[in-house]
Amino acid sequence: MKCVLLIVLLSVALCMAAPADNVQIVKLESQVLADGYNYAYETSDGSKQEQQATLKKLGPEEDALQVTGSYTYVGDDGQTYTVTYTANENGFQPQGAHIPHV
């Protein structure tokens with residue numbers, strides 16, 4: 001659950017860091033389920049984010065959320081960047097063409 005909170009906080013921080021010059025939400029979908037959730041949004045400046053989570057059984061008394069998603073934004077250089085990610089018991093694992101591979 002801590003991982004999900006971190007992802008949500010990072011998502012909010014990313015949105016708040018973007019300039020707010022008349023940016024409007026053009027798409028917003030969300031669904032909360034008994035065993036997870038999903039949401040997606042798109043703004044008029046070309047930013048997008050989507051995320052899905054499902055409850056994963058780690059042990060007899062231990063559950064965790066398996067989260068996957070992506071976000072896209074237009075950088076200050078005019079290029080569009082996309083990051084896909086997974087977050088689970090192994091941590092946050094982002095992937096993108098502009099992210100160095102270790």
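This passage walks through the fold of a predicted model, from its overall layout to a few individual residues.

The chain is a good place to start. Its secondary structure consists of one helix and six strands. Followed along the sequence, these elements appear in the pattern α-β-β-β-β-β-β. The chain has 102 residues, of which 26% are buried. Among the contacts with a separation of 6 or more, 19% involve residues 24 or more positions apart.

The six strands come together in an open sheet with the order β1-β2-β3-β4-β5-β6, and their pairing is antiparallel. The edges of this sheet are β1, residues 25-33, and β6, residues 91-95, each of which pairs on one side only. On average, and with direction ignored, neighbouring strands are turned by 10 degrees against each other.

The pairings can now be followed one at a time. Strand β3, which covers residues 48-59, runs antiparallel to β4, and eleven bridges join the two. One residue of this pairing to look for is Lys48, whose bridge partner in β4 is Thr72. On to the next pair: β4 and β5 are also antiparallel, with eight bridges between them. Here Thr68 stands opposite Thr86 of β5. These two strands form a hairpin with five residues between them, and Gly78 in the turn has a positive phi of about 85 degrees. Strands β5 and β6 run antiparallel as well, joined by five bridges. Within this pairing, Ala87 has Phe92 in β6 as its bridge partner. The hairpin that links β5 to β6 passes through two residues.

What makes up the largest nonpolar core? This core holds eight residues in all: Tyr37, Tyr39, Tyr41, Ala53, Leu65, Val67, Tyr85 and Ala87. The elements giving two or more residues to the core are β2 (36-43), β4 (62-74) and β5 (80-88). Of these, β2 provides the largest share, with three residues. Ala87 is worth a second look, being a member of this core and also the bridge partner of Phe92 in β6.

Strand β2 also contains Thr43. Is Thr43 buried or exposed? Thr43 has a relative accessibility of 13%, and because the cut-off for a buried residue is under 20%, Thr43 counts as buried. Leaving out residues up to four places away in sequence, Thr43 touches Val23, Gln24, Ile25 and Val26. One of these, Ile25, belongs to the edge strand β1, which spans residues 25-33.

Charged side chains come next. How many salt bridges does a search of the whole structure find? The search finds two. In one, the side chains of Glu89 and Lys56 meet with an N to O distance of 3.0 Å. Glu89 sits in the loop between β5 and β6, whereas Lys56 is in strand β3, so this pair ties together parts of the chain that are 33 residues apart in sequence. Glu89 counts as partly exposed at 40% relative accessibility, and Lys56 is likewise partly exposed, at 31%.

The other salt bridge is formed by Asp63 and Lys57, with their closest N and O atoms 3.5 Å apart. Asp63 is partly exposed, with a relative accessible area of 43%. Lys57, at 58% relative accessibility, counts as exposed. The labels differ because exposed means over 50%, while partly exposed lies between that value and the 20% limit for buried residues.

A final stop is Gln66, a residue of strand β4. Apart from its neighbours within four places in sequence, Gln66 is in contact with Gln52, Ala53, Thr54, Lys56, Thr86, Ala87, Asn88 and Glu89. Several names on this list are familiar by now. Among them, Ala53 and Ala87 belong to the largest nonpolar core, and Lys56 and Glu89 form a salt bridge with each other. Gln66 and Glu89 are 23 residues apart along the chain, and their C-alpha atoms are separated by 7.8 Å. The side chain of Gln66 also makes a polar contact with the side chain of Asn88, at 3.4 Å.

Methods
Residues are numbered from 1 along each chain as its sequence is written. This is a predicted model: local features need pLDDT of at least 70, side-chain atom pairs count only at pLDDT 80 or more; totals for chains, interfaces and linings use all residues. Side-chain values use heavy atoms; hydrogens and water are left out. A nonpolar core is a set of buried Ala, Val, Leu, Ile, Met, Phe, Trp, Tyr and Cys residues joined through side-chain atoms within 4.5 Å. Buried means under 20% relative accessible area, exposed over 50%, partly exposed in between (1.4 Å probe, protein chains only). Helices (H or I, at least four residues) and strands (E, at least two) are DSSP runs, numbered from the N terminus. Contact means heavy atoms within 4.5 Å. Two strands pair if DSSP finds at least two bridges between them. Axes are lines fitted to C-alpha atoms, for helices over the stretch in contact, and angles run from 0 to 180 degrees between N-to-C directions. A salt bridge is a side-chain nitrogen of Lys or Arg within 4 Å of a carboxyl oxygen of Asp or Glu. A polar contact is a pair of N or O atoms within 3.5 Å; within protein, one must be able to donate a hydrogen and the other to accept it, and residues adjacent in sequence count only if both atoms are side-chain atoms.
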